[in-house]
Amino acid sequence: MTDNRVEFVLGGIAACGAGFFTNPLEVVKTRMQLQGELQARGMYTVHYRNVFHAFYKIGRTDGILSLQSGLVPALWYQLFMNGVRLGAFQCFTNLGLTKDENGRPIWWKSVCAGALAGVLGASVGSPMYMLKTHLQSKATSMIAVGHQHEHTSMADGFRSIYRIRGVFGLWRGVEAAMLRVMVGSAAQLSTFSYAKHYIEDMQINSPGHILTAFYASCLSGVVVVVCMTPFDVMSTRIYNQGFDSNGKGVAYKNVFDCFAKICRTEGVWGFYKGWAPQFLRLAPHTVLSLVFWEKSRQMYYQYLPANS
C-alpha cells in the first residue's frame, strides 16, 4: 500500500538534502544570470568571468559565507516546491496514470504528469523562490549585478514585500516560475522515469540498486539543463527586478516582455547566461534529489509493514 501524503514529505526531504549542497552554485548562477542584464555584450563590466572566477570573487569580496546566501528560503522552497512536485508525480504514478497495462511508463503521459506536477509545485513555492533570488543576488556595490533588494533575511523580506504590495505581492512573477518548473519538471521526471525503467530492464544492476537511480538521474540532469536554462534566466530576471510606486516592474511587464527584451538586447546567448553553474548545480542537484527520493521511498516502504 502507498500513502500519498508520505510521498509529498519524502519528495520535500530529498530535495532539501540536495539543496543544501548545491546552494553555492545557485548563488553563482543567479549572479551570472543577472550580469549584463538587458545590455549588449561588451557594454557592461564583467564581474564574473566564469563559474570558478565567480566563486573566487564572491568569496573574496563578500566573504565565504555569502556563497550560502539565501539558504534558508532556498531550503523552504525545496521543501514546498519539490515536496508538491515529486509527491504529485509519484501520486500520478501510483494511480497508474503514467503507465500502460503492463506497468511500463508511457513517455507522453510522463511528460504531462511531470509538467502538471511542476506547475503545482511552482505555485506553492513561489514566495520562497522570490526571497531566495533577492538574497542570493545581494552583494557589495563593487560586484553587485541586477537590482539590489534590502532584505536582511527571509522573514524581513516577507514583511517588507507584504507591507508594500500585500499578499499578492508574494506571488508576483509566479507565471515565470510555473513555466520554468513546468518545462524542467516535464523533462526531468519523464526522463528519469523512462531511463530508470530501461536500465532495470537491461538488468545492469541488482533490483533497487542505488546506481540505477544514479545513472537515470545523470541523464535526466543533462536534459533538464538544456531545456530549462532559458526559462530559468527569465524567472530570475522577473523575480529580481525592482518595482515602481504603482507596483509595476521597472524592467519587464510579464514573461513575454522579458523574452522579447532579452532576445532584442542580448541575443540568443542571453538565455543561456549562467549555463555552466546551472549545469554544475542542476546535474548534482538532480542526481542527489532523485537518488535521495528513490532511496527514501525504498526505505520507507521496506519498513512500513513493521511500523504499521
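## Rings, charges and helix crossings

Analyst: One to start with: in this predicted model, K132 lies over the face of Y129, at 4.2 Å from the ring centre.

User: What makes K132 count as sitting over the ring of Y129?

Analyst: The distance part is simple: NZ of Lys has to be within 6 Å of the ring centre, and K132 is at 4.2 Å. There is an angular test too, within 35 degrees of the ring normal, and K132 does lie over the face of Y129.

User: Which ring has the charged end of R165 over it?

Analyst: That's F243, with the charged end of R165 4.3 Å from the ring centre. For Arg the atom is CZ and the limit is again within 6 Å, so 4.3 Å passes the distance test.

User: What links Y77, Y129 and Y239 into a cluster?

Analyst: Ring pairs do. Two rings pair if their centres lie within 6.5 Å. The search of the whole structure turns up five aromatic pairs.

User: Why is helix 4 called oblique to helix 5?

Analyst: Helix 4 (residues 107-137) meets helix 5 (residues 154-169) at about 125°, with the axes 11 Å apart. Roughly perpendicular runs from 65 to 115 and roughly antiparallel starts over 145, so helix 4 ends up oblique to helix 5. The crossing is right-handed.

User: Which residues of helix 4 and helix 5 meet there?

Analyst: From helix 4, P127, M128, M130, L131, H134 and L135; from helix 5, M154, G157, F158, I161 and G169. By class, that contact has eight nonpolar, three polar and no charged residues. Gly counts as polar, so G157 and G169 go in with the polar ones.

User: How do you know that helix 3 and helix 4 are roughly antiparallel?

Analyst: The axes of helix 3 (residues 71-94) and helix 4 cross at roughly 170° and come within 8 Å. The cut-off is over 145, so the pair is roughly antiparallel. Their contact divides into 20 nonpolar, five polar and two charged residues.

User: And why are helix 4 and helix 7 called roughly perpendicular?

Analyst: Helix 7 (residues 210-240) packs on helix 4 at about 80°, axes 9 Å apart. The window is 65 to 115, so roughly perpendicular is the call. On the helix 4 side the contact uses S126, Y129, M130, T133, H134 and S137, while helix 7 brings D232, S235, T236, Y239 and N240.

User: How many residues of each class does the contact of helix 4 with helix 7 have?

Analyst: Three nonpolar, seven polar and one charged. Asp counts as charged, so D232 belongs in the charged class. Y129 and Y239, both in this contact, also belong to the ring cluster with Y77.

Conventions: Residues are numbered from 1 along each chain as its sequence is written. This is a predicted model: local features need pLDDT of at least 70, side-chain atom pairs count only at pLDDT 80 or more; totals for chains, interfaces and linings use all residues. Side-chain values use heavy atoms; hydrogens and water are left out. Rings of Phe, Tyr and Trp (its six-membered ring) pair if their centres lie within 6.5 Å; planes under 30 degrees apart count as stacked, over 60 as edge-to-face and the rest as tilted. Axes are lines fitted to C-alpha atoms, for helices over the stretch in contact, and angles run from 0 to 180 degrees between N-to-C directions. Helices (H or I, at least four residues) and strands (E, at least two) are DSSP runs, numbered from the N terminus. Angles under 35 degrees count as roughly parallel, over 145 as roughly antiparallel, 65 to 115 as roughly perpendicular and the rest as oblique. A crossing is left-handed if the near helix is turned anticlockwise from the far one by less than a right angle, and right-handed if clockwise. Contact means heavy atoms within 4.5 Å.
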